[in-house]
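Biologist: Please take me through one part of this model closely, beginning with a charged pair within a single helix, and then carry the account outward to the contacts that link separate parts of the chain.

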Amino acid sequence: VAYKYIYEPIWDTIADELFGTTWEKELTYNELALKLTKTLDDFIADVKVFLDKFLLQKVMKALILASVIFYVECLLFRSALHKSKKDASFINSALAIERMEGDIKVLRDYFNGFVGDMPALGQVIETEFQVITAILELLRIAIGVSDSNASDFIVVLHRKVKDVKITKWVLGDLWHLVKPKKEKEIVKSIKLLTRSLVAVCPHESSSSTSENTDVQSLCLHKSLATFYDQSKRKRIVRWR
């Protein structure tokens, strides 16, 4: 439950500002991401006194995943707040993506600082941050600054999301942030990829087990399922 304890106050202090105008225009040194790592550092300093290396490593793994989930959900929450069907949420979408890259570098560098003592965290960082790497590239594709094949990164995203319906909603929300006029188009394109996505990652049943039973409740696809269950945004294309 460590991630729940630490991320409740982080939501209260950072989530509303992340991806806002001040974040985009003024926080040029990724101050919110640094604030997040400072909060994590204070928490780890408190708990490591009471934990052996094995338990501390499990806490660190949970915090890495919780950080990824937090960042992704904040981005999707910002999309839900965006009302325009014509204009992007950001003043300069390319600059906003650069800000995101800086945020993620801050987070990755922070967690990489623990790899020397806990080498197993290196693979966890690489694995869990893949979804954000895919999201950033999809945003670049959406605004036309990348020639990458979107389907390649949709597959990466789907491996983490595990549900075609939710993958579709995430893509729609990403396009809604930076290219809302094309949201309907990208959502409909998922229908052409449905068989491929199901083949890559069949929908995971609720009875399936995760690699670590103590963090079964902490996984991106379950968090996003809850997020979309609670979302009030009226999306252009509903799932059929």
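Modeller: In this predicted model, R140 and E137 both sit in helix α6 with their positions three residues apart in sequence, about one turn of the helix. The two side chains form a salt bridge in which the closest N and O atoms are 2.6 Å apart, and both R140 and E137 are buried. The pair does not stand alone, since E101 is linked with E137 and R140 in a network of salt bridges. The structure as a whole holds nine salt bridges.

Helix α6 also takes part in salt bridges that reach other helices. E126 forms one with R108, the closest N and O atoms being 2.4 Å apart; because E126 lies in helix α6 (residues 121–143) and R108 in helix α5 (residues 93–112), this pair ties together parts that are 18 residues apart in sequence. With a relative accessible area of 39%, E126 is partly exposed, whereas R108, at 18%, is buried. A further salt bridge joins K160 to E128, where the closest N and O atoms are 3.4 Å apart. Here the link is between distant parts of the chain, with K160 in helix α7 (residues 150–161) and E128 in helix α6, 32 residues apart. K160 has a relative accessible area of 17% and is therefore buried, and E128 is likewise buried, with a relative accessible area of 17%.

Turning from charges to rings, a search of the whole structure finds nine aromatic pairs. The rings of W11 and F70 have centres 5.2 Å apart and planes at 80°, so this pair is edge-to-face. W11 belongs to helix α1 and F70 to helix α4 (residues 53–81), so the contact ties together parts that are 59 residues apart in sequence. The two partners differ in their cover: W11, at 30% relative accessibility, counts as partly exposed, while F70 is buried, with a relative accessible area of 2%. The rings of Y110 and F111 are also paired edge-to-face, because their centres are 5.3 Å apart and their planes stand at 65°. Y110 is buried, with a relative accessible area of 14%, and F111 is buried with a relative accessible area of 0%. Elsewhere, ring pairs link F19, W23, Y71 and F90 into a cluster.

Two loop residues can be placed against distant positions in the sequence. G20, in the loop between α1 and α2 (21–25), counts as buried at 11% relative accessibility; the C-alpha atoms of G20 and I91 are 9.8 Å apart, although these residues are 71 apart in sequence. K179 is found in the loop between α8 (164–178) and α9 (183–200) and is partly exposed, with a relative accessible area of 34%. From K179 to A88 the C-alpha to C-alpha distance is 5.8 Å, across a separation of 91 residues in sequence.

Finally, the surface carries charge of its own, for E8, D12, D16 and E17 gather there in a patch of negative charge. Of these residues, E8 lies in helix α1 (residues 2–15) and, at 56% relative accessibility, counts as exposed, in contrast to the buried pair R140 and E137 with which this account began.

Terms used
Residues numbered from 1 in each chain as written. Predicted model: local features only at pLDDT ≥ 70, side-chain atom pairs only at ≥ 80, totals over all residues. Heavy atoms only, no water. Patch = residues over 30% accessible without salt bridge, like charges linked within 9 Å, V, L, I, M, F, W, Y side chains within 5 Å. Areas by Shrake-Rupley, 256 points an atom, 1.4 Å probe, with all protein chains shown as cover. Salt bridge = Lys/Arg side-chain N within 4 Å of Asp/Glu carboxyl O. Lys, Arg positive; Asp, Glu negative; His and termini not counted. Charge placed at Lys NZ, Arg CZ, Asp CG, Glu CD. Helix = DSSP H or I, 4+ residues; strand = E, 2+ residues; numbered from the N terminus. Buried < 20%, exposed > 50% of the residue type's maximum accessible area, 1.4 Å probe, protein only. Phe/Tyr/Trp six-rings, centres within 6.5 Å; stacked < 30°, edge-to-face > 60°.
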